[in-house]
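Work through the exercises below with the sequence and the model open beside you. Each task is followed by a solution that proceeds step by step.

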Amino acid sequence: MAPSSPAPVTDRVTDGDAVRLTGVYKAFVPSGRAARPLMALEDVTLGARAGEFIGLVGPSGCGKSTVLNLLAGLIRPSAGTVLYQGLPVQGINRQIGYITQDDNLLPWRSVLRNVEFGLELRGVPRRERRERAREFIDLVGLGGFEDHYPHELSGGMRKRASIVRTLAYDSPVVLMDEPFGPLDAQTRVIMQDELLRLWDRQRPTVLFVTHDLVEAIALSDRVLTFTGRPGRIKREHVVELPRPRDVFRIHELDRFKELYDALWNDIRDEIAERRDARP
Ligand SMILES: Nc1ncnc2c1ncn2[C@@H]1O[C@H](COP(=O)(O)OP(=O)(O)OP(=O)(O)O)[C@@H](O)[C@H]1O
Ligand SMILES: [Mg+2]
């Protein structure tokens, strides 16, 4: 099968999935008296197996963050089911690690105490969590900055701290919403490389939202593209590139261009539709 050939998404949803959405609709009722419900997601079915790295891409406002919020249990679906390890998500799902669109460091805690936070919630004894936190901090080159507060760090350093804070928690499922969004192109690639190395240690299931198609290809086992609002899954692209991957040279691989073009076709169509629909 060609790496970018579309496959019916439902075929890939199996009972053993770590997370799974089936036939999910999500309507929001915006504030304001005359407001009509806004359909954010329509009939979304997707699953991720244990240890899989899934990229989610699609136009702004198509419901990518909404998918992650449903899995984290922050919101409930209007219809359909949302499962975590085979069980319906009810209320906030504390077993999931979530890096939201803004970095979610606690400003009143140092880097070390931020990274320790998840372990603290889990009741890991102080000495063990210190050790663990320091190990993760060293892994991403933040050694020496343990006692700094978030406002004393650069954007890239904050992102690093926020990622190791979530990974130190050792969640079987990690949701990442444009974690490298505001970073410059070089820092981004370095962060992608670090993320893949960290991911390889524990192999959690990852759902990774990005607007960067190169990033989606470099990191993912599969990339799902979304239509514009209401968000539906448009296509699945299997990224059959070997691991471990060299993110610095991913664009040199033969299959890369084919994958990139296939993803860009999906997204371009959605953007064009929106442009054509303008009055
Ligand atoms: N809590 C909410 N209340 C009302 N409307 C919401 C809420 N959350 C999301 N929406 C609406 O649902 C739609 C999808 O939003 P969502 O944040 O999931 O998009 P997205 O794909 O993550 O976009 P972006 O790429 O810009 O981050 C948007 O129209 C948004 O206004
Ligand atoms: Mg979003």
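The exercises treat the sheets, the helices packed on them, and the spaces in this predicted model.

**Exercise 1.** Determine the strand order of the four-strand open sheet, and state which strands form its edges.

*Solution.* Begin with the order, which reads β2-β1-β4-β5, with antiparallel pairing. Next, look for strands that pair on one side only: these are β2 (residues 38–48) and β5 (residues 87–88), the edge strands. Then examine one pairing in detail, that of β1 (residues 19–28) with β2, which is antiparallel and extends over seven bridges. As a point of reference in the model, Lys 26 stands opposite Leu 41 of β2. Finally, turn to the helix on this sheet: α1 (residues 64–72) packs there and touches β1, β2 and β4 (residues 79–84), while its direction makes about 115 degrees with that of β1.

**Exercise 2.** Trace the six-strand open sheet from one end of its order to the other, and explain why one side of β6 and of β10 is left without a neighbour in the sheet.

*Solution.* The order is β6-β7-β8-β3-β9-β10, and the pairing is mixed. Because β6 and β10 stand at the edges and each has a single partner strand, one side of each is left without a neighbour in the sheet. From one strand to the next, the twist averages 15 degrees.

The mixed character can be followed in two pairings. At one edge, β6 pairs with β7 (residues 173–177) in the parallel sense over four bridges, and in this pairing Tyr 98 has Leu 175 of β7 as its bridge partner. Elsewhere in the sheet, β9 (residues 222–226) and β10 (residues 233–238) run antiparallel and are joined by five bridges, with Val 223 bridging to His 237 in β10. The connection from β9 to β10 is a hairpin of six residues.

**Exercise 3.** Identify which strands of the six-strand sheet are touched by α1 and which by α4, and give the angle for each helix.

*Solution.* Take α1 before α4. Helix α1 packs on the sheet through contacts with β3 (residues 53–57), β6, β7, β8 (residues 205–209) and β9, and its direction makes about 150 degrees with that of β7. Helix α4 also packs on this sheet, touching β6 and β7, and here the direction of the helix makes about 170 degrees with that of β6.

**Exercise 4.** Describe the largest pocket: its volume, the residues closest to its centre, and the elements and domains that contribute to its lining.

*Solution.* The space in the largest pocket comes to about 420 Å³. Its lining has 16 residues, of which Ile 96, Gly 97, Tyr 98, Arg 165 and Tyr 169 are the closest to the centre. The elements that each give two or more residues to this lining are β6 (residues 96–99), α2 (residues 111–121) and α4. By class, the lining divides into eight nonpolar, six polar and two charged residues. At the level of domains, at least three lining residues come from each of domain 1 (9–95 + 171–277) and domain 2 (100–162).

**Exercise 5.** Find the residues that line the largest cavity, and decide which element supplies the largest share of them.

*Solution.* With a threshold of 30 Å³ or more, the count comes to one cavity, and the largest cavity has a volume of about 30 Å³. Its lining consists of Val 140, Arg 160, Ile 163, Met 191, Glu 194, Leu 195 and Leu 198. Two or more of these residues come from each of α4 (residues 155–167) and α5 (residues 185–202). The largest share, four residues, belongs to α5. By class, the lining has five nonpolar, no polar and two charged residues.

Definitions and conventions. Residues are numbered from 1 along each chain as its sequence is written. Chains are lettered from A and ligands numbered from 1 in the order in which they are written. This is a predicted model: local features need pLDDT of at least 70, side-chain atom pairs count only at pLDDT 80 or more; totals for chains, interfaces and linings use all residues. Side-chain values use heavy atoms; hydrogens and water are left out. On a 1 Å grid over the protein atoms alone, a cavity is a set of points where a 1.4 Å probe fits but cannot get out, and a pocket is an open set with protein on both sides within 12 Å along at least five of seven lines; lining residues have an atom within 4 Å of a point. Grid points are joined across faces, edges and corners, and a volume is the space filled by probe spheres set on the points. Ala, Val, Leu, Ile, Met, Phe, Trp, Tyr, Cys and Pro count as nonpolar, Asp, Glu, Lys and Arg as charged, and the others, Gly among them, as polar. Domain bounds come from an automatic or database domain assignment. Two strands pair if DSSP finds at least two bridges between them. Contact means heavy atoms within 4.5 Å. Axes are lines fitted to C-alpha atoms, for helices over the stretch in contact, and angles run from 0 to 180 degrees between N-to-C directions.
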